[in-house]
Amino acid sequence: MANVLVCVKRVPDVSGEFGLTDDEQSVDARHLGFTVSPHEECAVELATQIAGATGGEATVLSVGSDDSIEQLRDALAVGCAKAVLVEAELATLGPVDVARAIADVVRAHEAGGVSYDVILLGNDAADTGDFQVPVRLAYALERPVVTGISTVAVEGDLAVARGDGPDGPEVFELPMPAVVAVMEGGVTPRYPTIPGRMKAKKAAIETVPFAGEPVGSGRVRLKLPEVEASTVRILGTGPDAAPAVVDVIEELGVVRR
Amino acid sequence: MSVLVLVEPEADGAALTSLEAVTFARGLADDAPIHAVVVGPVAEPVWSAMVEQLGAYGVASVRHAEDDRLSAYAAAAWAAALVESASAVSARVVLASGTPRGNEILAHVAARLDVAMAANAVAADSAAPLVVSRQVVGGAALEEMRLDDSVGVVSVAGHACEPVPAASPSAPEVVSYAPTLGETDLVARVARTEEAAPDESAALTSARVVVGAGRGAGSPDGFKDLLSLTELLGGALGVSRVVTSLGWRPHHEQVGQTGSRIAPDLYIACGISGAIQHWAGCQSAKTIIAINTDEDAPMVTRADYAVIGDLHEIVPAINDELRRRR
């Protein structure tokens with residue numbers, strides 16, 4: 001039996017155009033939807049799979065405002081059994097703070113008799129892209145960690161993690177408890193069922209406050225890259241433009257002869 | 001002060017992304033010496049080629065961490081080797097390229113030194129305090145980040161700068177050392193490498209020409225002409241996230257924030273709207289030709305050239321024209 005803790009972050013969905021807040025501290029999310037990153041969707045799927053395969057339990061955790069309950073319920077709807085929210089003003093936190101907040105929950109649950117054999121996180125947050133929370137969490141808990149992982153399975157006492165290395169697929173065999181940072185691509189996240197949604201709606205969510213003074217992220221300000229005026233040259237419309245396209249390809253000298 | 005750069009070896013010398021990081025370091029350091037560190041076994045003649053390359057890029061020394069236990073990659077062990085070198089050369093900044101391994105190792109370095117880390121930097125001002133401009137929101141925004149610690153840990157975004165040799169090359173001192181490794185540093189290590197499926201994303205990231213395909217391909221069967229165009233141009237096929245999410249093409253072909261980042265000479269984006277997620281992966285292409293039914297699509301307005309219309313009509317016509325001119 002393996003218990004899994006999977007961590008998700010509520011982030012603005014920026015698949016379209018977006019702006020910044022006037023204080024240049026964050027993405028202006030007033031007109032945006034919210035989501036979790038594709039990496040984290042896969043981490044939730046893997047958490048559910050591991051719990052299912054071993055008869056353990058998957059718990060989902062988020063650090064953020066109580067709006068993050070929406071993302072926690074999404075994870076509950078696809079198979080997580082419990083949810084924890086560490087209430088915090090995310091803008092005041094950096095990766096050191098988020099890792100510490102998660103570690104505090106893990107230790108508190110351990111003291112209460114619930115331990116996590118595998119902790120899954122997304123490889124990097126879709127908004128801040130720090131690439132650090134999984135590793136800093138592992139150091140805080142003194143556990144082995146590996147990042148960039150596509151699939152994880154529990155085999156005996158080991159968490160067997162596969163990812164793409166520079167020379168091909170790599171396999172890591174981590175003694176549990178272990179921390180694993182997941183990249184999308186190894187599994188397809190399942191869709192919630194209607195009974196799953198109903199159950200998620202009613203599930204209790206454990207809420208704990210963020211404790212202590214945050215270190216912060218070092219953010220001075222955000223900027224949007226300067227939008228250059230379009231300089232596109234329209235070569236034509238429809239298949240008649242093909243010769244003009246080939247002219248450009250030949251001018252660039254990239255055609256293989 | 002000095003700058004320490006992790007250099008990752010490849011089949012024929014230093015990885016291009018590592019040379020980008022060394023170039024970035026020169027921009028940072030003014031007259032401060034740059035030291036390269038290489039971890040784990042490197043066979044001849046790759047080693048000699050690397051030292052020569054790094055000399056051309058102006059590094060003062062190449063430090064080589066050697067130990068039998070470094071034969072299989074383990075991020076914590078690599079980080080231990082870096083931290084030891086950073087101390088030996090009194091590094092003010094520790095750099096690596098923002099590859100998956102580069103970011104992983106630097107996260108360990110930052111955790112060990114208990115300092116901040118800036119991932120995917122595109123520019124930096126080394127005047128104290130260190131202020132880094134880095135890619136966030138998948139490259140759609142930049143963050144100015146201040147690093148107040150005595151050592152700044154920074155990964156350099158792929159293709160943030162062109163790799164350029166130094167104006168005055170150096171004859172780097174080569175220093176071999178056996179880093180102090182703890183048992184816990186070797187727990188999370190590569191247990192085995194599996195046979196790679198041939199022609200995976202390596203071909204995509206190194207191709208001079210990439211043919212991109214998005215939702216406009218229409219179905220799993222909509223790639224025939226696109227693959228012919230790829231073949232005619234001796235390039236690689238890249239796809240948007242929606243294509244892999246729908247299961248039309250394998251994940252390793254994905255270009256974007258959660259896929260490969262490419263910098264080909266030519267990118268032909270067919271039926272791709274150009275969402276931020278995708279743009280993050282293809283914006284370093286030198287020339288972009290967009291083929292799209294929507295002339296207002298971001299991919300069209302950001303492209304150098306565009307053809308308006310259905311890719312299923314236009315791509316076969318381009319293929320015919322390419323064959324005709326052969």
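These legends walk through several close-up views of a predicted model with two chains, A and B.

**View 1. Chain A as a whole.**
Let us start with chain A, whose secondary structure comes to 6 helices and 13 strands. Taken along the principal axes, its C-alpha atoms fill a box of roughly 70 × 45 × 40 Å. Of the 257 residues in chain A, 48% are buried. Many contacts link distant parts of the sequence: among contacts in chain A between residues at least 6 apart, 70% join residues at least 24 apart.

**View 2. Chain B as a whole.**
Now turn to chain B, which has 10 helices and 17 strands. The box filled by its C-alpha atoms is roughly 60 × 40 × 40 Å along the principal axes. A compact globule of 326 residues would have a radius of gyration near 20 Å, and the 22 Å of chain B agrees with this. Buried residues account for 57% of the 326 in this chain. Among contacts in chain B with a separation of 6 or more, 68% are between residues 24 or more positions apart.

**View 3. Where chain A meets chain B.**
In this view, 60 residues of chain A are in contact with 64 residues of chain B. On the chain A side, the elements that give two or more residues are α1 (38-54), α4 (133-141), β7 (145-155), β9 (168-175), β12 (219-223), β13 (233-237) and α6 (242-252). Which of the elements gives the most to this side? That is β9(A), with 8 residues. Sorted by class, the side of chain A that touches chain B has 33 nonpolar, 15 polar and 12 charged residues.

**View 4. A strand pair that crosses between the chains.**
Here β12(A) is joined to strand β9 (residues 141-147) of chain B by 4 bridges. The two strands run antiparallel. To find your place in the pair, look for A:Lys223, which stands opposite B:Leu142 in β9(B).

**View 5. The largest nonpolar core.**
This core has 135 residues, and those that touch the most other members are A:Val6, A:Val118, A:Val180, B:Val5 and B:Leu95. Helix α3 (residues 75-88) of chain B supplies the largest share of the core, 10 residues. Apart from this core lies another one, of 61 residues, among them B:Phe223, B:Ile268, B:Ile289 and B:Ala297. As general background, nonpolar side chains in soluble globular proteins tend to be buried together.

**View 6. The surroundings of A:Val6.**
Leaving aside residues up to four places away in sequence, A:Val6 touches A:Ala43, A:Val44, A:Ala47, A:Ala58, A:Val60, A:Ala75, A:Cys80 and A:Leu120. A:Val6 is also one of the residues that touch the most other members of the largest nonpolar core.

**View 7. A close look at A:Ile119.**
A:Ile119 has its place in strand β6 (residues 118-122) of chain A. Is this residue buried or exposed? A:Ile119 is buried, because 30 other C-beta atoms lie within 10 Å, and 20 are enough to count as buried. Beyond its neighbours up to four places away in sequence, A:Ile119 touches A:Leu5, A:Leu137 and A:Val179. A:Val106 is 13 residues away along the chain, and its C-alpha atom is separated from that of A:Ile119 by 9.4 Å.

**View 8. Strand β1 of chain B and its two partners.**
Strand β1 (residues 2-6) of chain B is largely enclosed by the rest of the structure, since 4 of its 5 residues are buried. One partner is strand β6 (residues 91-97) of chain B, paired with β1(B) in the parallel sense over 4 bridges. The other is strand β4 (residues 34-39) of chain B, which runs parallel to β1(B) and is joined to it by 4 bridges. B:Val5 is a handy landmark: its bridge partner in β6(B) is B:Leu95, and in β4(B) it stands opposite B:Ala36.

**View 9. Helix α4 of chain B.**
Helix α4 (residues 100-113) of chain B has 14 residues and reaches 20 Å from its first C-alpha to its last, close to the 20 Å expected at 1.5 Å a residue. How many of its residues are buried? The count is 11 of 14, and the helix is mostly covered. Among the buried residues are B:Arg101, B:Glu104, B:Leu106, B:His108 and B:Val109. Just after α4(B), B:Asp114 takes a positive phi of about 55°.

How values were computed: Residues numbered from 1 in each chain as written. Chains lettered and ligands numbered in written order. Predicted model: local features only at pLDDT ≥ 70, side-chain atom pairs only at ≥ 80, totals over all residues. Core = buried A, V, L, I, M, F, W, Y, C linked by C-beta atoms within 7 Å. Buried ≥ 20, exposed ≤ 12 C-beta atoms within 10 Å, placed from the backbone. Contact = placed C-beta atoms within 7 Å. Nonpolar A, V, L, I, M, F, W, Y, C, P; charged D, E, K, R; others polar. Pairing = 2+ DSSP bridges. Rg over C-alpha atoms; globule rule 2.2 N^0.38 Å. Expected span 1.5 Å × (residues − 1).
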